[in-house]
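Colleague: I have just opened this model and would like to understand the words used to describe it. Could you take me through a few of them?

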Protein chains: 2
Amino acid sequence: MTSSIIGFKRLLFGRPLPSDRLEHERLNKKTALAVLSSDAISSVAYATEQTLLVLAVLGAAALNYVIPISAVIVGLLVLVAVSYRQTIFAYPAGGGSYTVARDNLGGSPGLIAAAALLTDYILTVSVSISSGVAAITSAYPSLAPHAVTLCIGAIAVLMLVNLRGVRESGIAFSVPTYVFIALMLLLIGTGIVRGLMGHELAPLTSTPHVDAVSAAQHGLRIPAGFAFTYLLLRAFAEGCVAMTGTEAISNGVGAFRKPSSRNAAATLGWMAAILATFFLGTSYLAHHYGVMPGASETVLSQIGRHVLGGGGLYYALQYATFAVLVLAANTAFADFPRLSSILAADGYMPRQFAARGDRLAFSNGIIVLALMAALLVWLFHGDTSALIPLYAIGVFICFTLSQAGMVVHWFKLRDDGWQRRAWLNGIGAAATAAVAVVQVVTKFTAGAWIVTIIIPLIIVMLRTIHRHYERFSKEVAYTGQAPLMFLHHTVIVPVNGISKPTAGALVYATTISEDVRAVYVEVDGASTERLQAEWEAWDIGVPLVVIPSPFRSVLRPIVDYVQGLAERGETDLVTIVVPEIVPRHWWEHLLHNKTALFIRTAFIFRPNVVVTAVPYLVGRARRLRDLAEYDEAIA
Amino acid sequence: MTSSIIGFKRLLFGRPLPSDRLEHERLNKKTALAVLSSDAISSVAYATEQTLLVLAVLGAAALNYVIPISAVIVGLLVLVAVSYRQTIFAYPAGGGSYTVARDNLGGSPGLIAAAALLTDYILTVSVSISSGVAAITSAYPSLAPHAVTLCIGAIAVLMLVNLRGVRESGIAFSVPTYVFIALMLLLIGTGIVRGLMGHELAPLTSTPHVDAVSAAQHGLRIPAGFAFTYLLLRAFAEGCVAMTGTEAISNGVGAFRKPSSRNAAATLGWMAAILATFFLGTSYLAHHYGVMPGASETVLSQIGRHVLGGGGLYYALQYATFAVLVLAANTAFADFPRLSSILAADGYMPRQFAARGDRLAFSNGIIVLALMAALLVWLFHGDTSALIPLYAIGVFICFTLSQAGMVVHWFKLRDDGWQRRAWLNGIGAAATAAVAVVQVVTKFTAGAWIVTIIIPLIIVMLRTIHRHYERFSKEVAYTGQAPLMFLHHTVIVPVNGISKPTAGALVYATTISEDVRAVYVEVDGASTERLQAEWEAWDIGVPLVVIPSPFRSVLRPIVDYVQGLAERGETDLVTIVVPEIVPRHWWEHLLHNKTALFIRTAFIFRPNVVVTAVPYLVGRARRLRDLAEYDEAIA
């Protein structure tokens with residue numbers, strides 16, 4: 001059985017990779033653009049739609065605001081990108097918001113950034129996959145009832161691919177991003193040209209409409225006076241979701257081929273340009289063609305149908321949208337485990353997140369991310385619009401902390417031109433802080449409140465873990481000299497008859513100490529005499545101690561006996577040697593009393609008592625064959 | 001935490017009882033009638049109803065057959081009771097079908113009886129509880145949607161009561177049986193008198209009807225010719241469910257106060273008389289008042305409403321019916337664990353079923369029975385009529401095997417009057433064998449097929465377990481003289497730094513052998529040099545072995561090293577001593593690598609390697625306080 005599990009693991013994940021392969025797993029610029037920028041680029045699939053969903057409540061006239069709102073967001077994007085460019089050069093090893101905030105602002109802001117980032121990576125997966133599946137169900141409405149299943153299946157595939165290692169996933173995923181970029185350029189170009197030439201358009205296949213019920217569900221009400229401004233802000237806040245993912249490149253500088261910083265900065269520039277073009281283009285086309293968010297079809301799908309017709313190019317766009325959104329989710333699969341490993345190295349996450357697995361990927365981080373994202377998709381029924389209010393808040397908290405940290409960084413460094421750089425990061429920090437406040441206020445009742453609870457909870461968790469590790473490392477620190485070597489060591493072997501497993505345990509016991517005692521717990525008196533007679537005849541030089549047990553417990557009398565030894569000062573150290581039956585098949589475990597396990601549990605809290613199980617292998621010959629197979633498979 | 005678990009267990013089950021209390025837990029006749037006869041007596045709650053359900057398909061005229069069919073069943077009951085009276089005297093220690101069949105007919109018939117009995121005990125619980133809850137939902141129709149929940153709750157309560165021990169459950173349950181008997185006598189007496197006097201009856205509150213859809217679901221079709229006879233047989237087979245539970249007293253002779261056989265025989269006589277009266281009475285009243293099975297109300301509830309009116313007496317009858325059916329289920333809670341313990345002692349069930357727990361009850365048998373019965377109730381939605389086709393078959397297989405066994409018994413014994421006794425048991429065996437065939441044939445498509453699969457599967461399971469234990473006891477039998485005492489014993493301590501847990505493991509290691517080696521698995525080279533320097537300064541006389549691990553696995557290099565030692569013949573026995581961190585809180589386990597567990601798993605298949613975990617207790621002072629509480633609670 002063991003060897004077949006290994007074979008399956010090998011098939012799924014490939015052979016283990018040696019540590020010195022790590023450098024070869026680094027990304028070139030083209031691959032990095034696919035792997036690390038897809039999160040940002042792909043947000044055109046839902047950002048315009050979210051803005052329109054809010055504006056539609058304000059009536060037809062308000063839809064004109066989509067263009068100026070999008071322009072403001074693109075301005076903000078340029079500001080943030082320029083800010084992050086400075087971070088990339090200042091932190092060539094990878095300057096995630098956590099690192100920058102921790103190094104410059106101190107522990108607490110660092111932890112806020114970490115908590116915000118962790119939630120955001122999870123939401124990146126949930127939102128991108130939900131939105132990707134919506135692209136597919138827009139093209140094939142009959143698949144809509146299976147949306148949640150499709151989402152969870154996609155997350156599972158992503159998890160497996162990432163467990164294989166990052167470079168291969170880069171290669172596997174580069175092509176669809178470039179196809180998406182090409183198709184989006186075609187869409188926007190064709191759309192603008194046809195729009196300017198005043199061509200007649202094909203009638204809509206699905207009637208665009210605003211679903212009032214759905215709008216109300218997202219916390220929207222028909223406005224009056226002040227509320228109008230409030231809803232415009234809300235529309236802006238929703239559109240800001242386009243900027244999510246912008247920080248991925250500066251987080252991942254360490255994954256670039258050398259020279260890392262230059263390559264990363266160039267990639268960041270390209271990413272910002274592409275994103276700005278796509279977002280403005282999509283908003284323009286949506287406005288120009290009067291597309292409105294529908295319950296069953298995405299805005300991008302409707303634009304695609306208008307501009308490209310319902311044929312092959314339209315389907316290609318939907319597939320490419322799905323693929324690029326899957327890649328966006330994949331960004332989080334690169335970043336969440338990396339951040340977890342940094343946090344684990346700092347003692348804020350369990351140690352198991354720090355180490356790379358067989359295939360050089362941070363396996364535990366990948367698995368936890370997949371599980372959390374799948375849980376969210378399931379809880380929110382794979383509804384992108386319901387997940388989005390939770391999403392952008394964390395991103396803007398990170399933007400703010402990261403850029404505020406950079407301001408402090410420049411003040412400390414004071415190199416050539418530091419003032420200009422500090423100003424730039426300062427303006428970025430102020431702008432993104434303002435947006436973060438707008439995010440929380442305008443989307444609070446629509447779900448943002450969940451994030452305001454979860455982020456503090458994560459911070460408490462990180463702090464609790466850190467406190468545990470600190471106390472632990474203080475407690476185990478050893479300052480003494482050579483350990484004490486001379487002890488009186490008593491070995492107890494519980495027996496219930498003379499058999500090979502018992503004999504094995506006794507051989508082991510006599511090997512490790514001079515003072516060995518066989519202990520028999522007497523539940524019924526008749527068998528005691530028989531055993532005593534047999535024991536005397538056996539004559540192995542180990543005394544047999546009989547302890548009565550009127551309540552039929554086997555454990556209690558042994559615990560009392562061992563305690564008695566220690567209390568009377570007869571010994572310094574007790575080892576209980578228990579034969580442990582190791583059957584050939586799993587179900588056979590049910591047929592043997594788990595005495596070894598019970599004894600270990602009973603003594604685990606007691607100092608100076610060690611429980612040792614001496615395995616007795618049932619059907620030893622057959623087992624050794626299995627073992628040879630296992631060794632071959634593992635080699 | 002440990003002490004609060006013990007406190008809770010104490011509250012639920014009471015203090016442990018010493019083994020010599022066993023005799024005082026035995027039953028007197030009045031209690032035994034309540035505990036062991038309720039299964040048989042309570043079947044009036046569903047037996048007449050099942051017969052009517054079939055007859056109704058044949059049309060109104062066929063309903064007249066209910067009286068003659070009931071009379072035949074009562075004749076059969078008397079025959080079986082007289083047969084079992086002989087068994088009680090022949091087997092004063094308890095003559096269950098398994099014991100009688102095994103002793104007289106041999107192993108295979110014994111196993112068939114055992115398998116049939118095990119399924120039957122489980123079905124006794126499922127059917128009785130479902131039917132009991134139907135008595136309650138008949139009185140309170142608004143509870144009907146919660147039937148399955150009520151059933152599972154009742155099974156859980158029964159399980160807890162039985163885990164406390166049998167005598168207390170006898171006392172707790174005697175009263176309701178006698179109330180049921182009194183109310184049934186009142187019902188039948190009043191019903192017959194009012195019927196004979198031709199009183200006007202109150203109109204029915206629920207319209208009696210035969211649910212044709214439900215009838216079809218149970219495999220019934222409107223008949224023609226031969227089918228008429230077939231359905232009469234089916235009605236008879238359904239009515240035979242009244243006889244289930246008759247064998248409980250002869251199974252449980254050992255639970256009676258002495259003289260066990262005389263007391264048991266007297267109780268059996270009373271039981272048969274009461275059952276015959278109730279069954280005939282119910283059938284007569286159902287026929288006389290033209291009651292038909294309804295979808296939402298039981299036949300007994302309808303008779304109760306007619307005869308007793310809808311007031312207090314009617315509700316008392318429903319409560320008493322529920323209570324006596326719970327007691328019927330309780331019969332199985334006495335018998336299933338007892339049979340399991342006999343089978344375990346014979347090596348056909350896991351050993352864990354053989355021993356009595358703290359409170360002298362067979363805890364494991366009780367728990368397994370409750371789980372299986374709850375599963376069946378859940379699978380069949382608590383529908384009594386759906387469960388009944390699975391039920392009576394096993395009982396009649398057991399009746400047949402048990403009485404056939406008794407015939408062989410008398411042939412062997414040949415004491416005074418053995419021929420008369422052999423004839424009596426022989427007639428009983430033939431009659432019950434015929435009924436068993438009728439059961440399988442007429443109810444096959446209605447669910448009986450399930451039992452014809454499950455009983456053979458159980459037999460295969462019993463045989464497989466037996467084969468395992470036989471092979472195992474042959475394999476472990478030890479015939480050698482004193483075990484070998486002189487071995488070269490090498491102790492390996494995996495280390496990753498100098499700390500208290502490591503020091504503890506090293507102290508232990510140096511206590512058990514002269515040849516101790518600390519092993520360091522090198523994942524990154526830089527830390528190796530630092531450790532080597534620290535190690536030399538520490539100067540404890542234990543060499544530090546460094547093994548490189550290019551694939552970052554910690555386990556693999558240790559496995560290879562140990563294997564190398566054995567292959568080069570450097571040692572006879574290897575112990576790997578691993579420090580095991582024992583944190584204070586459960587969640588802290590997630591923060592420490594489970595190295596001890598992984599190493600144990602990796603070496604469990606390898607001969608001559610023992611893995612010993614030396615516990616390191618985090619926060620030792622606090623732990624020792626917990627331990628004192630634990631010891632106080634357990635005392």
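**Reading the labels**

Modeller: Gladly, and please keep in mind that this is a predicted model. Let us begin with strand β1 of chain A, residues 489-494, which is mostly covered, since 6 of its 6 residues are buried.

Colleague: What makes a residue in it buried?

Modeller: The count of neighbours decides: a residue is buried if 20 or more other C-beta atoms lie within 10 Å of its own. In β1(A), A:His489, A:Val491 and A:Val493 point one way, while A:Thr490, A:Ile492 and A:Pro494 point the other way, and all are buried.

Colleague: Which strands does β1(A) pair with, and how do you know that they pair?

Modeller: Two strands pair if there are at least two bridges between them. β1(A) has 4 bridges with strand β4 of chain A, residues 573-582, and therefore meets the cut-off; the sense is parallel. Within that pairing, A:His489 stands opposite A:Leu573 of β4(A). With strand β2 of chain A, residues 515-522, β1(A) shares 5 bridges, so these strands pair too, again running parallel. There, A:Pro494 has A:Val519 of β2(A) as its bridge partner.

Colleague: What lies between β1(A) and β2(A) in the β-α-β unit, and what is its handedness?

Modeller: Helix α18 of chain A, residues 500-512, completes the unit with β1(A) and β2(A), and the unit is right-handed.

Colleague: Now the helices. Why is α6(A) called oblique to α7(A)?

Modeller: Two packed helices are described by the angle between their axes and the distance between the axes. Helix α6 (residues 107-139) and helix α7 (residues 147-164) of chain A pack at about 125°, with their axes 9 Å apart. Roughly perpendicular covers 65 to 115 degrees and roughly antiparallel starts over 145, so an angle of about 125° makes α6(A) oblique to α7(A). The crossing of α6(A) past α7(A) is right-handed.

Colleague: Which residues make that contact?

Modeller: From α6(A), they include A:Val125, A:Ile129, A:Gly132 and A:Ile136; from α7(A), they include A:Leu150, A:Cys151 and A:Ala154.

Colleague: What is noted about the peptide bond between A:Lys258 and A:Pro259?

Modeller: The peptide bond joining A:Lys258 and A:Pro259 is cis, with omega about 0°. A:Pro259 sits in the loop between α11 (248-251) and α12 (260-288) of chain A. In chain B, the bond from B:Lys258 to B:Pro259 is cis as well, with omega near -5°. B:Pro259 is in the loop between α11 (248-251) and α12 (260-288) of chain B.

Colleague: Why does A:Arg414 count as exposed?

Modeller: Exposed requires 12 or fewer neighbours. A:Arg414 has 9 C-beta neighbours inside 10 Å, so it counts as exposed. Its place is the loop between α16 (384-413) and α17 (418-476) of chain A. A:Arg414 also has a positive phi, near 50°, in a residue other than glycine.

Colleague: And is A:Asp539 buried or exposed?

Modeller: A:Asp539 is exposed, because 9 other C-beta atoms lie within 10 Å. A:Asp539 is found in the loop between α19 (525-538) and β3 (544-548) of chain A, and has a positive phi of about 55° although it is not a glycine.

Colleague: To finish, how many helices and strands does chain A have?

Modeller: Chain A has 22 helices and 5 strands, and 49% of its 635 residues are buried.

Conventions:
Residues numbered from 1 in each chain as written. Chains lettered and ligands numbered in written order. Predicted model: local features only at pLDDT ≥ 70, side-chain atom pairs only at ≥ 80, totals over all residues. Helix = DSSP H or I, 4+ residues; strand = E, 2+ residues; numbered from the N terminus. Right-handed = clockwise from strand over helix to strand, strands pointing away. Axes fitted to C-alpha atoms, helices over the stretch in contact; angles between N-to-C directions. Parallel < 35°, antiparallel > 145°, perpendicular 65-115°, else oblique. Left-handed = near helix turned anticlockwise from the far one by under 90°. Contact = placed C-beta atoms within 7 Å.
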